Amino acid sequence: MANQTPQSTKVADFDRPLLLTPGQDWGNYLINILGQALLFLITSLSVVAVLLIFFFIIRKALPFFLKHGVMEFFTSTAWYPEGSPAEFGAGTLMAGSLYVTVGALLFAVPGGILAAVFLSDILPFKARQIVKPIIEILAAIPSVAYGFFAIIVVAPWLQKHLGLVTGTNIFNASLILAVMAVPTIISVAEDALTAAGRELREASLALGATRAETIIKVMLPAAHSGIIAAIILGMMRAIGETMVVWMAAGNASQIPTPWWNIFASVRTMTATIAGDMAESPEGSDHRLALFAVGLTLLAFTFLLNLASEHFLGRSRGGGKGRKK
Amino acid sequence: MNIDPEINPEETDMTQTQIPQLAKNNSSVRLAQMQMFSADSYATLVAAEPAIITSHNFSLFYGDKAGVKDVTMDIYPRSVTAIIGPSGCGKSTFLRSINRMNDLIPHTRAEGGLMVNGINVYDKQINLVNLRQQVGMVFQKPNPFPKSIYDNIAYGPRLQSVKRRSDLDNMVEQCLRSAALWDEVKDDLKKSALALSGGQQQRLCIARALATKPKVLLMDEPCSALDPVATGRIEELMTQLKDTYTIVIVTHNMQQAARVSERTAFFCLGELIEYDLTRTIFTNPSIKQTEDYVTGRFG
């Protein structure tokens with residue numbers, strides 16, 4: 001029996017034929033190839049778009065760096081693009097971006113992580129279904145609306161209650177940026193905590209841990225990769241944001257003195273590009289300098305993006321490892 | 001954190017040496033009773049010891065639906081009690097009621113009495129931390145923490161404020177030995193627990209549960225994610241552990257229940273159908289439904 005080759009006897013009547021007709025097999029092949037080609041093309045378009053953006057920014061920024069050198073741009077704090085002689089020290093702009101970004105993170109990270117813990121571990125499932133979308137709406141509000149709020153509400157309040165000369169400053173911009181970055185942080189950190197799983201939570205509670213001990217000693221360490229990624233994503237949101245910092249940070253290209261003066265006005269890289277673009281003639285050194293600023297900004301966010309991918313990959317990889 | 005007097009570092013050694021003695025005493029008691037009663041009275045013998053877990057008309061509701069209905073049964077110390085039954089029959093619900101793990105599910109409500117060592121676990125005054133430390137649990141899917149092997153075992157003792165390195169070292173070694181894992185992992189205690197195989201992970205979870213010095217060990221289908229070899233090792237381990245601990249195991253595997261347990265409870269649709277010596281349940285059950293289930297005609 002075992003040695004016999006299977007016989008090709010017709011045993012039952014199959015209503016629909018099991019073999020493709022010659023026309024059908026070619027048709028299927030063609031549809032398959034065309035479908036794949038279409039999907040490939042659409043996917044490549046976005047990759048090509050990113051590469052083109054890099055290409056054009058570098059094409060404009062390179063002549064600037066060749067003419068004025070790299071040292072002045074990165075180390076000098078004198079930004080007088082229209083002066084004679086013109087000076088292109090982007091130090092104040094980079095410092096401005098740094099100040100508002102770090103300030104925003106100081107507000108957003110503790111708040112975001114605590115809210116994520118609350119959502120994932122404490123709030124009942126039904127309430128979470130309502131609260132999470134509401135938080136995510138915060139991310140959908142146009143940034144100009146935030147900027148408007150910063151100027152109309154926050155700035156006068158700061159001026160009146162803290163006796164400041166100007167209400168548009170680092171503190172104001174950081175506060176608003178934090179509100180904008182918080183939904184991203186909450187959303188990604190909450191996903192990481194939920195993905196860490198009910199199993200771990202039960203394991204910890206069954207060993208006699210309280211809810212607080214479970215969160216601090218098990219859940220947060222288990223989700224740390226995802227939480228770091230959440231922080232980096234929030235940071236990218238803050239560093240790349242333009243409208244709010246343009247409206248709320250005061251636009252004074254200076255380094256605050258003393259350095260911890262969070263009520264000083266600063267000017268960020270993004271606000272400089274947006275603000276100066278209309279004032280700089282095409283082809284002028286000023287215009288090229290703005291592209292150099294743009295390239296610096298792009299390099300920052302690109303590195304942050306790589307870092308967040310790294311940590312998100314690790315948190316997903318960790319999840320897989322545990323399931324195995 | 002509450003400090004359970006039993007895990008006081010000074011007393012640790014004492015309790016550890018007491019355990020074998022207790023077991024010995026117990027077997028001599030058994031021997032004496034064996035002589036008192038006639039040959040085939042193992043049932044009477046075990047029942048002569050007071051029950052450690054007593055369920056009296058216990059029901060647990062999810063919202064309006066009863067997960068467990070009117071269960072009355074006694075579970076005896078230093079033996080293995082198996083709970084069998086078809087899926088969704090309330091076995092796990094009952095098991096998870098004993099250490100109040102069902103609290104994690106919203107809208108659960110308990111009725112009747114479920115006593116552990118004479119205390120109703122659904123009492124408002126219950127100390128959940130102490131209850132769960134002394135009624136340990138092993139879950140269906142191995143769930144080690146994403147930490148080192150050492151830190152997994154030391155998690156429970158550290159919660160009880162055991163800080164001295166030497167105490168922790170001793171405890172880790174002892175628990176891993178009890179769980180028959182020491183020889184396999186003693187050289188890489190710093191390695192991540194996630195690098196272990198499924199069977200090793202489950203033994204690690206058992207060792208982790210032993211580290212809080214429980215009196216009762218609840219096992220919720222502990223072998224369902226394991227291959228037959230790993231299952232065999234866990235079953236072997238259970239027969240060793242039952243000299244010291246009271247083990248309650250929920251299982252889908254009837255052969256497993258027959259192999260490891262002294263007593264077996266058969267649940268169906270949230271109700272306890274029959275509860276007797278394992279031998280009786282599998283050879284001469286008094287209820288038709290039980291017989292149909294254990295012989296494979298139903299379920």
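This report walks through a predicted two-chain model, from confidence and overall build down to a few packed helices and strands.

## Ground rules and confidence

Residues are numbered from 1 along each chain as its sequence is written, while chains are lettered from A and ligands numbered from 1 in the order in which they are written. Since this is a prediction, local features need a pLDDT of at least 70 and side-chain atom pairs count only at pLDDT 80 or more, though totals for chains, interfaces and linings use all residues.

The model comes with an ipTM of 0.79 and a pTM of 0.77. In chain B the mean pLDDT (the predictor's confidence in each residue, from 0 to 100) is 83, and 84% of the residues score at least 70. Among the elements of chain B (helices are DSSP runs of H or I with at least four residues, strands are E runs of at least two, both numbered from the N terminus), strand 8 (residues 246–250) has the highest mean pLDDT, 95, and helix 1 (residues 9–36) the lowest, 42. Take the start of chain B with a pinch of salt: pLDDT stays under 50 over residues 1–45. For that stretch the model has 34 contacts beyond four places in sequence, a contact being two residues whose C-beta atoms, placed from the backbone, lie within 7 Å.

## Chain A overall

Chain A has 12 helices and two strands. Reading from the N terminus, the order is α-α-β-β-α-α-α-α-α-α-α-α-α-α. Its radius of gyration, taken over C-alpha atoms, is 28 Å, well over the 20 Å that the globule rule (2.2 Å times the number of residues to the power 0.38) gives for 324 residues, so chain A is more spread out than a compact globule. Along the principal axes, the C-alpha trace of chain A spans about 95 × 60 × 35 Å.

Of the 324 residues in chain A, 36% are buried. Here, buried means 20 or more other C-beta atoms within 10 Å of the residue's own, exposed means 12 or fewer, and partly exposed is in between, with C-beta atoms placed from the backbone. For contacts in chain A between residues at least 6 apart in sequence, 74% link residues at least 24 apart.

## Helices 6, 7 and 8 of chain A

Helix 8 of chain A (residues 211–222) buries Thr214(A), Val218(A), Met219(A) and Ala222(A). Looking down the axis of helix 8, those residues fall within an arc of 85 degrees (taken from the directions from the axis to the C-beta atoms), so they line one face of the helix. An α-helix has 3.6 residues a turn, so residues three or four places apart point the same way. The buried residues of helix 8 pack against helix 3 (91–122), helix 6 (170–196) and helix 7 (198–206) of chain A.

Helix 7 of chain A has its own buried set: Leu200(A), Arg201(A), Ala203(A), Ser204(A), Leu205(A) and Ala206(A). Their cover includes parts of both chains: helix 6 and helix 8 of chain A, plus helix 4 and strand 6 of chain B. Just past helix 7, Gly208(A) has a positive phi of about 90 degrees. Over in helix 6 of chain A sits Ala192(A), which is buried, with 28 other C-beta atoms within 10 Å.

## Where the chains touch

Chain B puts 20 residues into the contact and chain A puts in 17. On the chain B side, helix 4 (128–134), strand 6 (135–138) and helix 5 (149–159) each supply at least two residues. That side of chain B has 11 nonpolar, six polar and three charged residues. In this scheme Ala, Val, Leu, Ile, Met, Phe, Trp, Tyr, Cys and Pro are nonpolar, Asp, Glu, Lys and Arg are charged, and the others, Gly among them, are polar.

## Strands of chain B

Chain B has 12 helices and 10 strands, and 42% of its 299 residues are buried. In strand 7 (residues 216–220) of chain B, five of the five residues are buried. Both faces are covered, with Val216(B), Leu218(B) and Asp220(B) on one side and Leu217(B) and Met219(B) on the other.

Strand 7 of chain B pairs (at least two DSSP bridges between two strands) with strand 6 of chain B in the parallel sense over four bridges. Within that pairing, Met137(B) has Leu218(B) as its bridge partner. Strand 7 also runs parallel to strand 8 of chain B, joined by five bridges, and Met219(B) stands opposite Ile249(B) there.

Further along, strand 9 (residues 263–268) and strand 10 (residues 271–277) of chain B run antiparallel, joined by six bridges. Phe266(B) partners Glu274(B) in strand 10. These two strands form a hairpin with two residues between them, and Leu269(B) in the turn has a positive phi of about 50 degrees.
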